[in-house]
Amino acid sequence: MINFRVGIIGAGNIAGTIADTLNKLDAFEPYAIASRDINKANEFGDKYNVEKRYGSYEELANDPDVELIYICTPHSNHAEVAKMCLNAGKPVLVEKAFSYDSISTEEVLNLSKEKNIFCGEAMWSRFLPMYKQLMTYIKSGIIGKVYSMHCSIGYKLFDKERITNPALAGGALLDLGVYPINIIAMIFGTEPATVLSSCARFSSGADAQDMIHFSMKEGRSATVFITTMYTADNSIKIYGDKGYIIVENILNPTAIKLYKADGELIGTTEPLDTQITGYEYEFIAARDAIILGRTECEEMPHSETLRLMRFMDSVRKTWRYRFPMEPNEAPATNPTARV
């Protein structure tokens, strides 16, 4: 069997995890790496057994043997790199957050449709079997109708430039907040919400800690806490009228615990023994979509990528936090956001 050849643009930590995953995944290989520093590309290639090494992103995009490009540069230039790859005829899987705002996101997604080339957001929680199992529990009614969600996510990241620098689209919201926001969207869908939020900022102006509260119809609500200052409990608590669910480790669940309303534990689900890192599922889905001639994955369609980016735009607008690369006048947003 011929391996599916993946090119990786950006040689940071996440790129290393991706390369390691692909090396262990049947029928895939990390075939090429591109960094603006050829020495860094060579070091990466030696460490992860990557055959082709490039000192420019364009060289990798023009390699005829690359079948999918994974983009893991800072969010600030995801859109620029993605458009370059699509214009070179290459399918792309773009690390979250997809871009820095909805305008640049829409430009990339429109180009994908225009050229009929696959483009996906690597929002891995949408692809993980554990989250698919969570949705099965929710839809089964085992905890009844869901009325409330509480999500927390936090890691000690305040010393990372990608977090503190607005020029890199830094901040807690785009780096970490995308995870709970996506999970709330998975459970509540497009239900209209009134949103209240606040943030504590770094001296640079980037958001260091965020609180977002969604008030929905029929008394339903969701609350998100995000921090880059310390490690939080990183859990999701979902409450229904017949019981509740606790998800441990929001990024890549280590357990889903089901409880009756009186607190009795009725079941625990743990990850599959065959899981490599959890990133493999998005690559399998992307490859299958490419083979079938699709421009998107059903797990994370373009409409969801754009909808949630617009939501994050509206939240930042209330904070008066604008990235340097954004237009001076942000697009008009509906004060009643949807998530």
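Before we start, a quick definition: Ala, Val, Leu, Ile, Met, Phe, Trp, Tyr, Cys and Pro count as nonpolar, Asp, Glu, Lys and Arg as charged, and the others, Gly among them, as polar. Keep in mind that the model you're looking at is predicted.

**Exercise 1.** Work out how the lining of the largest pocket divides by class.

*Solution.* Start with the space: the largest pocket holds about 910 Å³. Next, look at what surrounds that space: 30 residues line the pocket, and those nearest its centre are Gly 12, Asn 13, Ile 14, Cys 72 and Arg 162. Now sort the lining by class: you get 13 nonpolar, nine polar and eight charged residues.

**Exercise 2.** Find the helices that each supply at least two residues of the lining of the largest pocket.

*Solution.* Go along the chain and you'll pick up helix H1 (13–24), then helix H7 (161–164), and also H8.

**Exercise 3.** Describe the largest cavity and its lining.

*Solution.* First, count: there's one cavity of 30 Å³ or more in the structure. Then take the volume, which is about 60 Å³ for the largest cavity. Its lining is made up of Ala 97, Phe 98, Glu 121, Val 178, Ile 181, Asn 182, Met 300, Thr 305, Leu 308, Met 309 and Met 312. Two or more of these residues come from each of helix H8 (172–188) and helix H10 (302–319). H10 gives the largest share, with four residues. Last, sort by class once more: eight residues of this lining are nonpolar, two are polar and one is charged. The charged one is Glu 121.

Key. Residues are numbered from 1 along each chain as its sequence is written. This is a predicted model: local features need pLDDT of at least 70, side-chain atom pairs count only at pLDDT 80 or more; totals for chains, interfaces and linings use all residues. Side-chain values use heavy atoms; hydrogens and water are left out. On a 1 Å grid over the protein atoms alone, a cavity is a set of points where a 1.4 Å probe fits but cannot get out, and a pocket is an open set with protein on both sides within 12 Å along at least five of seven lines; lining residues have an atom within 4 Å of a point. Grid points are joined across faces, edges and corners, and a volume is the space filled by probe spheres set on the points.
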